[in-house]
Amino acid sequence: MIKAIIFDVDETLVYYEGYSLREWYESIAIPAMKELGILIDWETFRKMAKGELPRSYVENFGIDHVEFWRAMDRANRRYREKLLKEGKIHAYPDVDVIKKLKAKGIKLAAVSNASQDNTELVLRAFGLLNYFDVVLGKDYSYLDGVKPNPYLLEKATNILGVKKEETLLVGDSELDVKAGKNAGIKVVQIVRDKRVEGADYYITNLNELLDLIERDS
């Protein structure tokens with residue numbers, strides 16, 4: 001029986017008009033890095049952001065990795081606030097399912113590779129924050145614990161007090177699928193763009209979660 005659902009946030013519940021990681025790197029990350037007196041090439045940055053290299057890899061460039069990622073998150077906060085003011089961050093129409101799941105007594109968590117601060121910012125902007133029992137962003141005490149590492153998912157299930165077999169992870173990306181598999185949690189891919197191999201279930205609308213839960217009960 002499903003007792004809890006863990007949601008990814010960016011591109012699962014909300015999306016960013018015109019966003020790409022490369023654009024973010026060029027317009028936001030590079031100026032922030034220059035303030036720190038360093039410049040990391042695109043391919044290395046991409047690999048760290050995607051979990052292909054540990055986030056601590058940045059220490060090879062002579063900077064403390066916590067200091068570096070805190071600076072990136074401060075820049076990201078300014079970026080998200082700007083997009084919100086410009087109306088360029090949107091909630092998907094099907095996020096109303098969050099309220100329906102909450103009404104059914106399902107425990108809810110939001111887990112993101114973004115910072116806690118930035119994750120709460122966008123959830124609050126669309127009136128979603130208070131529906132979640134747990135919200136977790138990257139942990140500065142263990143920055144390599146972001147997805148696809150299972151750390152944040154395991155932390156969420158522990159706080160919720162549920163077993164992994166009672167939990168679903170809902171996300172849009174390969175990182176989500178890999179993280180779920182690494183944690184031993186069944187993964188539902190919401191296909192916002194392209195289908196990712198390895199998920200346990202595929203849906204095109206979050207309301208389909210209601211049927212999944214009914215079939216499992």
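The largest nonpolar core of this predicted model contains 55 residues, and those that touch the most other members are Ile5, Phe7, Phe45, Phe68, Leu101, Phe132 and Leu206. Helix α1 gives the most to this core, with 8 residues. I shall return to several of these names, beginning with Phe68. Leaving aside neighbours within four places in sequence, Phe68 is in contact with Met33, Leu36, Ile38, Ile40, Phe45, Val58 and Ile63. A second core, of 19 residues, lies apart from the largest one, and its members include Leu136, Leu169, Ile185 and Ala199.

Let me turn to the aromatic residues. How many aromatic pairs are there? The count comes to 10. One of them joins Tyr25 and Trp42, with 5.3 Å from centre to centre and 55° between the planes, a tilted arrangement. This pair links distant parts of the chain: Tyr25 belongs to helix α1, residues 21-36, and Trp42 to helix α2, residues 42-49, with their positions 17 residues apart in the numbering. Are these two residues buried or exposed? Tyr25 has a relative accessible area of 6% and is therefore buried. Trp42 also counts as buried, because its relative accessibility is 18% and the limit is under 20%.

Another tilted pair is formed by Phe45 and Trp69, whose ring centres are 6.1 Å apart and whose planes meet at 35°. Here too the pair links distant parts of the chain, with Phe45 in helix α2 and Trp69 in helix α3, residues 65-85, 24 residues apart. Phe45 is buried, at a relative accessible area of 1%, and Trp69 is buried as well, at 3%. The four residues just named, together with Trp24 and Phe68, form one aromatic cluster.

Two of the rings in the model carry a charged group over them. The charged end of Arg55 sits over the ring of Trp69, 4.6 Å from its centre. Elsewhere in the chain, Arg195 lies over the face of Tyr202, at 3.5 Å from the ring centre.

I come now to the strands, and to β4 in particular. Strand β4 covers residues 107-115, and because 8 of its 9 residues are buried, it is largely enclosed by the rest of the structure. Which strands does β4 pair with? Strand β1, residues 4-7, runs parallel to β4 and is joined to it by 4 bridges; Ala4, for instance, has Lys107 as its bridge partner in β4. Strand β5, residues 134-138, is likewise parallel to β4 and joined to it by 4 bridges, and Ala110 stands opposite Val135 in β5. Between β4 and β5 comes helix α5, residues 116-125, and the three elements make a right-handed β-α-β unit.

Finally, I return to Leu206, one of the core residues named at the start. Where does Leu206 lie? Its place is the loop between β8, residues 201-203, and α8, residues 208-216. Leu206 counts as buried, because its relative accessibility is 0%. Not counting residues up to four places away in sequence, Leu206 touches Phe7, Thr12, Leu13, Asp94, Val95, Val97, Val170, Ile190 and Arg192. Trp69, from the aromatic cluster, is 137 residues from Leu206 in sequence and 31 Å from it in space, taken from C-alpha to C-alpha.

How values were computed
Residues are numbered from 1 along each chain as its sequence is written. This is a predicted model: local features need pLDDT of at least 70, side-chain atom pairs count only at pLDDT 80 or more; totals for chains, interfaces and linings use all residues. Side-chain values use heavy atoms; hydrogens and water are left out. Rings of Phe, Tyr and Trp (its six-membered ring) pair if their centres lie within 6.5 Å; planes under 30 degrees apart count as stacked, over 60 as edge-to-face and the rest as tilted. Helices (H or I, at least four residues) and strands (E, at least two) are DSSP runs, numbered from the N terminus. Buried means under 20% relative accessible area, exposed over 50%, partly exposed in between (1.4 Å probe, protein chains only). A charge sits over a ring if NZ of Lys or CZ of Arg is within 6 Å of the ring centre and within 35 degrees of the ring normal. A nonpolar core is a set of buried Ala, Val, Leu, Ile, Met, Phe, Trp, Tyr and Cys residues joined through side-chain atoms within 4.5 Å. Contact means heavy atoms within 4.5 Å. Two strands pair if DSSP finds at least two bridges between them. A crossover is right-handed if, with the strands pointing away from the viewer, the path from the first strand over the helix to the second runs clockwise.
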